[in-house]
Amino acid sequence: MRAANLSAMRIGILASGSGSNLQAIIDHFAASPARDAGFVALVASNRADSGAMARAQAAGIFTHHIADFNDGPSILTALQSAGVELLVLAGYLRLLPAAVVVAYTGRMLNVHPALLPSFGGHGMYGLRVHEAVLQAGAKISGVTVHFVSAEYDRGAIAAQWPVPVLQDDTPQTLAARVLAVEHGLYPAVIEAVAARTLALGADGRSKGSLPAHSAFAMHDAKPFLR
Ligand code: GRF
């Protein structure tokens with residue numbers, strides 16, 4: 001693996017599942033120009049046997065097993081020991097302790113497989129989201145990348161991308177179409193956030209001083225729009 005750009009943002013990723021978004025992020029930041037904005041310094045998971053952990057290890061990325069997902073201080077210690085400046089949730093299926101949310105406010109992103117604020121909130125994950133979209137008869141679903149706040153799926157929206165709902169869709173077919181868009185949009189938005197934070201200088205890096213609203217728009221995700 002090529003040495004990371006020392007001034008690039010140190011990205012930490014929390015993931016519990018198969019890790020397909022994690023893989024997309026790893027691949028995105030392995031190449032220019034994204035590698036100038038950030039690199040994946042740590043992958044942490046509450047599931048040692050998850051696909052996400054296996055993918056991180058295969059990529060030679062430092063990993064951490066979260067033994068107790070309610071233990072905020074020890075999660076924070078792991079993140080801070082790896083120097084994580086930007087925290088990315090990629091299918092992390094546990095509520096983060098308040099201490100972590102507070103420490104990374106304005107510097108923590110999540111991806112949701114629908115257009116928030118619809119079809120989000122407690123219990124809305126995995127196929128349940130797509131079942132609800134189909135049940136409602138929605139014609140458009142999509143992907144939302146948002147900042148993480150104390151409330152499930154309610155933080156400021158960084159970017160959204162629409163995905164059509166087709167007449168014959170099952171939750172599985174819709175999930176697959178949405179996931180493919182996640183893989184393009186999420187890394188591009190993370191890069192835009194990392195680049196914007198770099199531009200803010202030392203304060204932005206250490207204090208999470210990114211403005212919550214209007215900091216980004218879809219057009220910031222330039223690599224995705226090619
Ligand atoms: C994705 O659908 C994402 O929207 C949600 O969790 C899922 C993670 O999938 N937050 P994967 O592990 O990245 O494949």
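A residue counts as near the ligand if one of its heavy atoms lies within 4 Å of it. With that in mind, here are some close-up views of this predicted model.

**View 1. The ligand and the residues around it.** Ten names are worth finding here: G17, S18, G19, S20, N21, G91, V111, H112, P113 and E182 surround the ligand. By type, this shell divides into seven polar residues, two nonpolar and one charged. Two elements, α1 (20–29) and β5 (108–112), each contribute at least two residues to the shell.

**View 2. Backbone atoms facing the ligand.** Zoom in on G19, where a backbone N or O atom lies 2.8 Å from an oxygen atom of the ligand. At N21, a backbone N or O atom likewise sits 2.8 Å from a ligand oxygen atom. Look next at V111: a polar backbone atom of this residue is 2.9 Å from a nitrogen atom of the ligand. Taken alone, the ligand exposes 370 Å², and the protein buries 80% of that.

**View 3. The pocket that holds the ligand.** The ligand takes up space in the largest pocket, whose volume is about 990 Å³. Its lining is made up of 39 residues, and G91, Y92, L93, Y125 and G126 lie nearest the centre of the pocket.

**View 4. What lines the pocket.** You can trace the lining of the largest pocket to α1, β5, α6 (127–136) and α7 (171–200), each supplying at least two residues. Helix α7 gives the most, with four residues. Across the whole lining there are 19 nonpolar, 16 polar and four charged residues.

Definitions and conventions
Residues are numbered from 1 along each chain as its sequence is written. This is a predicted model: local features need pLDDT of at least 70, side-chain atom pairs count only at pLDDT 80 or more; totals for chains, interfaces and linings use all residues. Side-chain values use heavy atoms; hydrogens and water are left out. A polar contact is a pair of N or O atoms within 3.5 Å; within protein, one must be able to donate a hydrogen and the other to accept it, and residues adjacent in sequence count only if both atoms are side-chain atoms. Accessible areas come from the Shrake-Rupley method with a 1.4 Å probe; for residues, only the protein chains shown count as cover. On a 1 Å grid over the protein atoms alone, a cavity is a set of points where a 1.4 Å probe fits but cannot get out, and a pocket is an open set with protein on both sides within 12 Å along at least five of seven lines; lining residues have an atom within 4 Å of a point. A molecule sits in a cavity or pocket if more than half of its atoms lie within 2 Å of its grid points. Ala, Val, Leu, Ile, Met, Phe, Trp, Tyr, Cys and Pro count as nonpolar, Asp, Glu, Lys and Arg as charged, and the others, Gly among them, as polar. Grid points are joined across faces, edges and corners, and a volume is the space filled by probe spheres set on the points.
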